[in-house]
Amino acid sequence: MGNDRFEELETKIAFQEDVIQKLDDALASQQQQIMDLQIQLKHVTSQLKTLEAQFPDSPEPPPPHY
């Protein structure tokens, strides 16, 4: 009876270790995605600033209902 309990605990620990590893992998993947998105955002922001510099004071035409 003691061996069964011991094997059950070993099985639970092995399962938990597997779940922890999968969570760690998912977290690492998400962190990489966040870093990639930050780089893309910096690039888009830079492009937007460049475009704004090309058209400094061009007024936006009024909407058609005016």
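Visitor: Which residues make the nonpolar surface patch of about 300 Å²?
Guide: In this predicted model, one member of the patch, V19, has its place in helix α1 and is partly exposed, with a relative accessible area of 31%. That value satisfies the requirement of over 30% for patch residues. The nonpolar patch of about 300 Å² is made by F15, V19 and L23.

Visitor: Which residue is linked with R5 and K12 in a network of salt bridges?
Guide: The side chain of R5 meets a partner 3 residues away in helix α1, about one helical turn, in a salt bridge with an N to O distance of 3.5 Å. The side chain of K12 likewise forms a salt bridge, at 3.4 Å from N to O, with a residue 4 positions away in helix α1, again about one turn. In both pairs the partner is partly exposed at 35% relative accessible area, and the residue that joins R5 and K12 in the network is E8.

Visitor: How far apart are the closest N and O atoms of K22 and D18?
Guide: Side chains of opposite charge can pair when their charged atoms come close. K22 and D18 are 4 residues apart in helix α1, and therefore separated by about one helical turn. K22 is exposed, at 54%, whereas D18 counts as partly exposed, at 36% relative accessibility. Their salt bridge brings the closest N and O atoms to a separation of 3.2 Å.

Visitor: What distance separates the C-alpha atoms of D24 and D4?
Guide: D24 lies in helix α1, which covers residues 2-54, and is partly exposed, with a relative accessible area of 45%. D24 and D4 are 20 residues apart along the chain, and their C-alpha atoms are separated by 30 Å.

Methods:
Residues are numbered from 1 along each chain as its sequence is written. This is a predicted model: local features need pLDDT of at least 70, side-chain atom pairs count only at pLDDT 80 or more; totals for chains, interfaces and linings use all residues. Side-chain values use heavy atoms; hydrogens and water are left out. Helices (H or I, at least four residues) and strands (E, at least two) are DSSP runs, numbered from the N terminus. Buried means under 20% relative accessible area, exposed over 50%, partly exposed in between (1.4 Å probe, protein chains only). Patches are made of residues with over 30% relative accessible area and no salt bridge: like charges are joined within 9 Å, nonpolar side chains (Val, Leu, Ile, Met, Phe, Trp, Tyr) within 5 Å. Accessible areas come from the Shrake-Rupley method with a 1.4 Å probe; for residues, only the protein chains shown count as cover. A salt bridge is a side-chain nitrogen of Lys or Arg within 4 Å of a carboxyl oxygen of Asp or Glu.
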